[in-house]
Amino acid sequence: MILIVGATGYVGRYLSIYLKEQGYDVLALGRSKKVQEFFKENDVTFQFFDMNDSASFDALPIQNVEAVIDLSACLAEHETPVERFFEVNTIGVYKILEYCRKNNIKKFILSSSHKVYNDIDKSVISEEDGISFKGDHTPYIISKIAAENFVTYYNKDFGIDGIVLRFTGVHGYGEILGHLNTDGSYRKSTFEIFFERILKGEKIEVWGDQSIVRDHIYIKDVLSAVKAAIEAKGISGIYNLATGIGYSQYDEAKALNEVFGGGKSEIELHPEKAGLTRGYVYDITKIKKDLNWTPQYTDLVELYTDYKKEWESKKY
């Protein structure tokens, strides 16, 4: 059995169905009762789970659990009290690892974040470059680093094969792209603005220096990477989960326009206007070698063509 903590989130919904289709016995865990119907419709077993409630842990299975995947997170993109980051992202991970230790569960997979590198200025960033961070997301980043350290601790002291996947930005239908403020207001991302204008056939403005590129990953590559982590034997460690390829916002606008707009929208470059100030591309040599995994959706047109199918189905 595979337990997925945080299954009601964006990645969790995709992963639960994917692993079920791959033949795994999946138990989806989460707090959102609104999503229960989704799991029921897709024949995935769902169980209410609140990591702050000891009764939730008592209700978890204690036999025949092959792996626990923790996707739960208090996100940096949400304005949140600092202590909440640590309650969920750090102490929550500790509690789940304790559950694994007590019940002799030998595989734990944690979703972490590429934001731990947000103050490293290199053309390609590897796990060996360490961590360096600054800015508004710092409390979130520190909470994730502490969680990673717990995974390492439980591997060294208790023999749990802990795999940390440092997710870069994940593209796919159903993702949260912008910033949700405490007052409930929402600031749209550049992707969302491009997408909406292209659907209407309107002109797109691409601002800033287009030599700045970013390495994002498609949701379906994330799913195959998690499956590879489940199947890896005797492997533990921290891995960049990315594609190793960077694209500019102009590249993304062109691909979106081709797939969703038939090339109808005019694209204007405005280098004089403020755009991205930092790019990032990640070295994925380690995950390719250790987990025998390679991303498949590295061409933007192919990625958005599949995205379009998901968007049209509205399944997620």
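**Notebook: sheet, helix α8 and a pocket**

I looked up arginine 166 and found that its bridge partner in β12 is asparagine 240. The model is predicted: local features need pLDDT of at least 70, side-chain atom pairs count only at pLDDT 80 or more, and totals for chains, interfaces and linings use all residues. Residues are numbered from 1 along each chain as its sequence is written, and side-chain values use heavy atoms, without hydrogens and water.

I then followed the strands (DSSP runs of E, at least two residues; helices are runs of H or I, at least four, and both are numbered from the N terminus). Five bridges join β6 (residues 161–167) to β12, and the two run parallel. Two strands count as paired if DSSP finds at least two bridges between them. The open sheet has seven strands, in the order β3-β2-β1-β4-β5-β6-β12, with parallel pairing. I noted β3 (45–48) and β12 (237–241) as its edge strands, each pairing on one side only.

Next I turned to helix α8 (residues 249–261). Among its buried residues (under 20% relative accessible area, 1.4 Å probe, protein chains only; exposed is over 50%, partly exposed in between) are Leu256, Val259 and Phe260. The buried residues of α8 pack against β7 (170–171), α6 (190–199), β10 (204–207), β13 (267–270) and α10 (300–313), where contact means heavy atoms within 4.5 Å. Glycine 262, just after α8, takes a positive phi of about 60 degrees.
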